[in-house]
Amino acid sequence: MNLSIGIVGLPNVGKSTLFNALLKKTVADVANYPFCTIEPNVGIIEVPDERLAKLAEVVHTSTLVSAVVEFYDIAGLVKGASQGEGLGNKFLSHIREVAAIVHVVRIFEDDNVIHVANKVDPVSDIQTIDTELILADLETVKKQREPKQNATKDERAAYEVIQKVKTNLDAGVTVRKMGLSEEEEEQIKHLNLLTGKPLLYVFNTSEDQLMKPAEVKETIEKILKQVQDDGANYLYLCAKLENEIVAFSPEEQKEYLQQYGLEETGLNRLAKKAYETLGLMSFLTAGEKEVRAWTIPVDTSAPLAAGAIHTDFIKHFIKADICNYATFVELGGWAKAREAGKVISAGRDYIMKDGDVVEFKVGV
């Protein structure tokens with residue numbers, strides 16, 4: 001399953017600073033000039049899940065395995081990137097490989113950090129990135145050839161969808177905003193269009209702005225309305241602050257963040273929101289060997305969930321013993337949960353819920 005997220009944005013908006021904080025160590029070079037990142041940096045980031053520690057206490061294990069998301073730090077795009085400006089198509093090709101996009105948008109003012117356009121204008125910045133991605137998608141759809149006379153009905157239908165997408169892209173509409181049906185989305189899935197990927201905006205603020213959450217939210221809502229993306233997924237954080245406190249202990253972080261009215265770090269919020277943006281959730285396994293969060297798409301059936309552990313489990317699936325997480329912790333594990341009649345025996349039709357604690361029975 002592709003759990004990769006590409007971090008994009010204009011140069012010097014805070015992408016690499018954010019990435020460094022995500023990795024809890026310096027991996028990406030951070031410099032005060034455009035294109036300091038010349039290869040995509042990749043980091044595997046754990047998705048914070050406080051349930052794992054509690055399960056570990058119940059089953060007496062010290063091994064915890066979290067769900068993870070891959071983050072790619074991709075060089076800053078500039079106007080004309082789709083035509084090769086800046087570092088151009090090289091980086092657009094990297095974006096094609098990811099499952100979703102995090103678009104970092106600068107809303108902080110700092111005369112010491114230059115802006116590629118010499119001014120901080122979030123609306124223009126978002127429009128620039130959107131335009132370049134649209135132009136790149138147009139190049140892709142223009143390469144699609146009209147079906148031959150002996151083409152199948154499905155091939156002709158797919159081409160009609162491609163033409164519909166092309167018309168909309170020409171009008172400056174991203175694939176995400178076209179209102180395509182599930183069937184239409186499936187017909188163009190192989191094109192891996194950039195503007196069709198799930199998107200999460202991350203607005204990079206100053207520390208002063210963090211102290212004014214209502215004002216920041218109002219600013220962001222206005223920006224999204226101006227770029228006609230009302231209701232888009234977003235969060236805001238101060239990448240500089242996140243990078244500075246990353247070395248603190250969890251207790252020190254919590255205490256430091258309280259002055260900003262924050263309960264958890266922006267990095268934790270980002271990891272969780274990215275997971276959500278990908279349409280994913282976790283089921284949990286809990287034994288003496290380890291406690292683990294397994295990643296599956298929302299609305300996954302029990303046999304397919306078993307396949308996340310091993311693909312053979314799909315074919316050989318018999319049943320799944322499932323207990324609600326809160327009940328499992330409250331009662332103290334499998335034995336007492338079974339005694340209390342709180343473990344259900346689920347068959348092939350069962351749709352997994354986030355946080356289900358599971359034991360799969362397979363005939364292997």
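## The open sheet

In this predicted model, six strands make up an open sheet of mixed pairing, and their order across it is β2-β4-β1-β5-β6-β7. The edges are taken by β2 (41-46) and β7 (233-237), and because each of these has a single partner strand, one side of each is left without a neighbour in the sheet. Neighbouring strands of this sheet are turned against each other by 25 degrees on average, direction ignored.

## Strand β4 and its two partners

On one side, strand β1 (residues 4-8) pairs with strand β4 (residues 68-73) in the parallel sense over four bridges; within this pairing Ile5 stands opposite Phe71 of β4, and Gly6 stands opposite Tyr72. With β2, by contrast, the pairing of β4 is antiparallel and runs over six bridges, and here the bridge partner of Gly43 is Phe71 in β4.

Which residues of β4 lie on its covered face, and which on its uncovered one? Val69, Phe71 and Asp73 belong to the covered face, whereas Val68, Glu70 and Tyr72 belong to the uncovered one. Such a pattern is expected in general, because the side chains of a regular strand alternate between the two faces of the sheet.

## Val104 in strand β5

Val104 is found in strand β5, and with a relative accessible area of 3% it falls under the 20% cut-off and is therefore buried. Leaving aside neighbours within four places in sequence, Val104 is in contact with Ile7, Val8, Gly9, Val13, Lys15, Leu18, Val202 and Asn204. Val104 and Tyr201 are 97 residues apart in sequence, yet their C-alpha atoms are 6.0 Å apart in space.

## Helices across the sheet

Helix α4 (residues 122-142) lies across β5 (100-106) and β6 (199-204), running at about 150 degrees to β5. Helix α8 (residues 213-226) lies across β6 and β7, and runs at about 140 degrees to β7.

Helix α4 also packs with helix α5 (residues 153-170), at an angle of about 150 degrees and with the two axes 10 Å apart. Since angles over 145 degrees count as roughly antiparallel, that is how α4 is placed against α5. The contact is made by Ile134, Asp137, Leu138, Val141 and Lys142 on the α4 side, and by Ile162, Val165, Lys166, Leu169 and Asp170 on the α5 side. The crossing of the two helices is left-handed.

## Buried residues of α2 and α12

In helix α2 (residues 51-59), the buried residues are Arg51, Leu52, Leu55, Ala56, Val58 and Val59. They cover an arc of only 160 degrees around the axis, and therefore lie on the same side of α2. The general background is that an α-helix has 3.6 residues a turn, so residues three or four places apart point the same way. The elements that cover the buried residues of α2 include β3 (64-65), β8 (280-286), β9 (291-297), α14 (325-331) and β12 (357-362). After α2 comes His60, whose phi is positive, near 60 degrees.

In helix α12 (residues 302-309), Ala302, Pro303, Ala305, Ala306 and Gly307 are buried. Their cover includes β8, β9, α13 (312-315), β10 (317-323) and β12. Strands β8, β9 and β12 thus appear among the elements that cover the buried residues of α2 and also among those that cover the buried residues of α12.

Notes:
Residues numbered from 1 in each chain as written. Predicted model: local features only at pLDDT ≥ 70, side-chain atom pairs only at ≥ 80, totals over all residues. Heavy atoms only, no water. Pairing = 2+ DSSP bridges. Axes fitted to C-alpha atoms, helices over the stretch in contact; angles between N-to-C directions. Contact = heavy atoms within 4.5 Å. Buried < 20%, exposed > 50% of the residue type's maximum accessible area, 1.4 Å probe, protein only. Arc of directions from axis to C-beta. Parallel < 35°, antiparallel > 145°, perpendicular 65-115°, else oblique. Left-handed = near helix turned anticlockwise from the far one by under 90°.
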